[in-house]
Amino acid sequence: MDDKLKVWVIDDCFAKATTNGRRSLIDSLSENSAIRILKSDPNEFENFESKVESEFSNQIDLVIVDYKLDAQGQIFSNGSDLVSLIRRIALDTPIFLLSVDIRSEDEDKSIGDFERTISDNYLSNSENMVQDVDSLRAISNNFKSGNKDILMSLLKCPDFDQDNLLHALPASVRKSLKSKTENSEHQGSLVRDVQHKEDIPTVQFTRWFFDFFYRVPGFLLDSLSCAILLGVDLDYFESNIVPNIQEQLYDGPFSKTVEKRWWKTELESWLIDMDASGALGRTTNRFCEYATLLRVPKENWSKCVVCGESWPETIAVLSEDQGQEKYPVHIRCSEPDAEADRHHYFSQPRIVTE
Ligand SMILES: [Zn+2]
């Protein structure tokens with residue numbers, strides 16, 4: 001068996017006689033020598049199993065499915081039939097939903113039974129995709145060996161965060177790491193043993209990555225959350241700060257195909273290292289202290305979108321905003337989203353107070 005990365009693409013564009021943009025994108029992915037692509041037409045359900053078996057020996061690193069969404073962004077009911085069929089063949093393989101109907105705010109989210117939603121843009125850079133699939137294979141191998149240190153080094157997790165990150169993992173993923181180190185006789189039998197979706201660690205980990213780890217401020221911060229932490233406005237952050245914090249960037253799995261994120265603890269260490277005169281921690285307003293340390297002009301200090309005053313502590317969305325655009329706000333100018341679940345280590349979604 002060759003050691004190329006194996007991607008199974010299920011898309012009705014393969015059944016069409018004429019070449020379209022999607023098919024050209026997938027064909028150009030096939031030109032990358034690191035990947036093997038298996039193409040299937042979703043209408044040929046009955047041939048799936050034998051096709052995958054003969055081409056891939058069931059060793060699949062990633063499945064990409066084109067599926068139409070309805071007007072509300074819901075997957076049509078037979079979408080889950082397709083997913084259960086794929087899971088039967090490729091149990092612990094993440095499935096990405098490829099759609100032209102994805103709203104930009106849903107991109108990269110998990111929807112329904114899919115671990116991540118992607119647009120055609122994802123297919124346009126084969127090198128970035130190779131990195132993602134390579135990461136997935138490394139993650140999968142990690143769960144087969146059950147070694148938590150390998151997972152931490154794959155994520156390039158700062159030492160300071162490792163214990164907390166281990167606790168933040170979904171319980172089933174954490175358990176699979178523990179049980180493998182404690183009981184080595186189960187090694188290699190993972191896929192045969194698991195029966196339920198919640199027991200398949202690579203899938204669960206990938207879903208958790210896109211739902212929480214990357215999306216919700218906690219271990220990693222997006223540009224706006226970084227700007228708030230540093231007490232600066234977003235424009236100033238992007239033009240004056242970003243060039244100086246390249247080493248603090250998250251560059252583990254999927255980092256080439258998602259928006260930039262920074263490790264919060266690495267940013268804080270960077271500030272402490274810069275603080276030669278010991279100015280930090282003298283007041284109760286760390287935002288002001290950070291902005292002062294960074295010599296940020298007063299007109300670029302961060303401002304709350306509600307009251308217009310400085311030093312918002314958090315982000316919030318407008319209650320009626322379906323687009324979920326985030327704004328810098330004070331805690332006092334926002335309230336927790338009562339409908340959102342709370343997750344330890346991750347900030348709770350908030351809504352701007354009317
Ligand atoms: Zn405010």
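Strand 3 (residues 62-66) is mostly covered in this predicted model: four of its five residues are buried. Strand 3 is joined to strand 1 by four bridges, and the two run parallel. Within that pairing, W8 stands opposite V63 in strand 3. Four bridges also join strand 3 to strand 4, again in the parallel sense. Here I64 stands opposite F96 in strand 4.

These pairings belong to an open sheet of five strands in the order 2-1-3-4-5, with parallel pairing. The edges are formed by strand 2 (35-40) and strand 5 (116-118), each of which pairs on one side only. From one strand to the next, the twist averages 25 degrees. Helix 1 (residues 21-30) packs on this sheet and touches strand 1 (5-10) and strand 2. The direction of helix 1 makes about 145 degrees with that of strand 2. Strands of a sheet pair through backbone hydrogen bonds, either parallel or antiparallel. At the strand 5 edge, strand 4 (residues 95-98) and strand 5 pair in the parallel sense over three bridges. L97 has T117 in strand 5 as its bridge partner.

The loop between strand 1 and helix 1 contains K16. K16 is exposed because 12 other C-beta atoms lie within 10 Å, and a residue with 12 or fewer counts as exposed. K16 and D41 are 25 residues apart in sequence, while their C-alpha atoms are 9.5 Å apart in space.

At the level of the whole protein chain, there are 14 helices and 11 strands. Of its 354 residues, 31% count as buried. Among contacts in the protein chain with a separation of 6 or more, 63% are accounted for by residues 24 or more positions apart.

Two helix pairs are described next, and the table sets out their packing geometry.

| Helix pair | Angle between axes | Axis distance |
|---|---|---|
| Helix 5 and helix 10 | about 125 degrees | 9 Å apart |
| Helix 11 and helix 12 | roughly 95 degrees | within 9 Å |

Helix 5 (residues 126-145) and helix 10 (residues 201-213) pack at an angle of about 125 degrees. Helix 5 is therefore oblique to helix 10. The crossing of helix 5 and helix 10 is right-handed. On the helix 5 side, L136, I139, S140 and F143 take part, and they meet P201, T202 and F205 in helix 10. By class, this contact of helix 5 with helix 10 has five nonpolar, two polar and no charged residues.

The axes of helix 11 (223-230) and helix 12 (234-241) cross at roughly 95 degrees. This angle makes helix 11 roughly perpendicular to helix 12. In the contact, S223, L224, C226, A227 and L230 of helix 11 meet L234, F237, E238 and I241 of helix 12. Sorted by class, the contact of helix 11 with helix 12 has seven nonpolar, one polar and one charged residues.

Helix 11 is also mostly covered, with six of its eight residues buried. The buried residues are S225, C226, A227, I228, L229 and L230. C226, A227 and L230 are among the buried residues of helix 11, and C226, A227 and L230 are also among those that meet helix 12.

Helix 11 is followed by G231, whose phi is positive, near 75 degrees. G231 lies in the loop between helix 11 and helix 12. With 25 other C-beta atoms within 10 Å, G231 is buried, because 20 or more suffice for that class. Leaving aside neighbours within four places in sequence, G231 is in contact with F287, C288, Y290, A291, V296, W301, S302 and W311. G231 and S310 are 79 residues apart in sequence, yet 8.1 Å apart in space, C-alpha to C-alpha.

The two loop residues discussed here fall into opposite classes: K16 is exposed, with 12 other C-beta atoms within 10 Å, whereas G231 is buried, with 25.

Key
Residues numbered from 1 in each chain as written. Predicted model: local features only at pLDDT ≥ 70, side-chain atom pairs only at ≥ 80, totals over all residues. Pairing = 2+ DSSP bridges. Axes fitted to C-alpha atoms, helices over the stretch in contact; angles between N-to-C directions. Contact = placed C-beta atoms within 7 Å. Parallel < 35°, antiparallel > 145°, perpendicular 65-115°, else oblique. Left-handed = near helix turned anticlockwise from the far one by under 90°. Nonpolar A, V, L, I, M, F, W, Y, C, P; charged D, E, K, R; others polar.
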